[in-house]
Amino acid sequence: LSVYTLTVITLERWHTITYAIQLDQKLRLRHAIPIMLGGWLFSTLIAMLPLVGVSNYRKVSICLPMDIETTLSQVYILTILILNVVAFFIICACYINIYFAVQNPQLIATSKDTKIAKKM
């Protein structure tokens with residue numbers, strides 16, 4: 001859920017910066033609620049699968065089920081890891097786009113823009 005939330009926040013930041021002039025395309029609460037509710041439901045489902053026999057949490061001390069004895073468990077773990085890698089690449093791509101949007105030579109860079117770019 002935390003990775004999903006970070007990805008959603010990053011996408012929202014990217015969208016807000018990319019479409020700053022178009023106020024009608026702003027993310028509103030009525031859009032955010034189903035997006036986050038979907039994340040909560042998906043995360044709850046994924047976290048509960050080990051309780052019904054798909055992998056288990058007993059192998060390692062981190063909060064990932066790392067039992068790979070069955071094919072279903074292997075698919076489960078691989079799916080979780082692939083989703084995390086995809087989220088990482090989405091976050092990286094969004095921040096690269098945000099950086100270049102702030103460093104746009106067509107815009108007169110203010111000191112605030114430069115500070116934001118340096119922080120990223």
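Trainee: Why is N84 called partly exposed?

Mentor: This is a predicted model, and in it N84 has 31% relative accessibility. Partly exposed covers the range between under 20%, which is buried, and over 50%, which is exposed. The value of 31% falls in that range, so N84 counts as partly exposed.

Trainee: Where does N84 sit?

Mentor: N84 is in helix α3. Its C-alpha lies 9.8 Å from that of T7, although 77 residues separate N84 and T7 in sequence.

Trainee: What makes F42 partly exposed?

Mentor: Take its relative accessibility, 43%. Exposed needs over 50%, and buried needs under 20%. F42 meets neither cut-off, so partly exposed is the class. F42 belongs to helix α2, residues 29-48. The C-alpha atoms of F42 and Y4 are 9.8 Å apart, with their positions 38 residues apart along the chain.

Trainee: Why does S55 count as buried?

Mentor: S55 has 4% relative accessibility. Buried means under 20%. The value is under the cut-off, so S55 is buried. S55 lies in the loop between α2 and α3.

Trainee: Which residues does S55 touch, not counting those up to four places away in sequence?

Mentor: They are P50, P65, M66, D67, S73, Y76 and I77. A touch here is a contact, with heavy atoms within 4.5 Å.

Trainee: S73 is on that list. Is S73 buried or exposed?

Mentor: Its relative accessibility is 1%. That is under 20%, so S73 is buried. S73 is part of helix α3. Beyond its neighbours within four places in sequence, S73 contacts V54, S55, D67 and I68.

Trainee: How much of the protein chain is buried?

Mentor: Buried residues are 18% of the 120 residues. The chain exposes about 9200 Å², and carbon and sulfur atoms supply 70% of that area.

Trainee: What elements make up the protein chain?

Mentor: There are 4 helices and 0 strands. From the N terminus, the order is α-α-α-α. Among contacts with a separation of 6 or more, 43% join residues 24 or more positions apart.

Trainee: How do you know where the "transmembrane region" feature lies?

Mentor: The positions come from UniProt, in an unreviewed entry. That record places the feature at residues 32-55 and 75-102. Annotations of this kind may be inferred rather than shown by experiment.

Trainee: How much helix does the model show over residues 32-55 and over residues 75-102?

Mentor: Residues 32-55 are 71% helix and 0% strand, with end C-alpha atoms 32 Å apart. Residues 75-102 are 100% helix and 0% strand, and there the end C-alpha atoms are 40 Å apart.

Trainee: What is the volume of the largest pocket?

Mentor: About 550 Å³. Its lining has 20 residues, and those nearest the centre are L1, V3, S43, I80 and N84. The elements giving two or more residues to this lining are α1 (2-18), α2 and α3 (71-102). Helix α3 gives the largest share, 7 residues.

Trainee: How is the lining of the largest pocket made up by class?

Mentor: The lining has 16 nonpolar residues, 4 polar ones and no charged ones. S43 and N84 are two of the residues nearest the centre. Ser and Asn are in neither the nonpolar nor the charged list, so S43 and N84 count as polar.

Notes. Residues numbered from 1 in each chain as written. Predicted model: local features only at pLDDT ≥ 70, side-chain atom pairs only at ≥ 80, totals over all residues. Heavy atoms only, no water. Buried < 20%, exposed > 50% of the residue type's maximum accessible area, 1.4 Å probe, protein only. Areas by Shrake-Rupley, 256 points an atom, 1.4 Å probe, with all protein chains shown as cover. 1 Å grid on protein atoms, 1.4 Å probe; cavity = no way out; pocket = protein on both sides within 12 Å on 5 of 7 lines; lining within 4 Å. Points joined across faces, edges and corners; volume = space filled by probe spheres on them.
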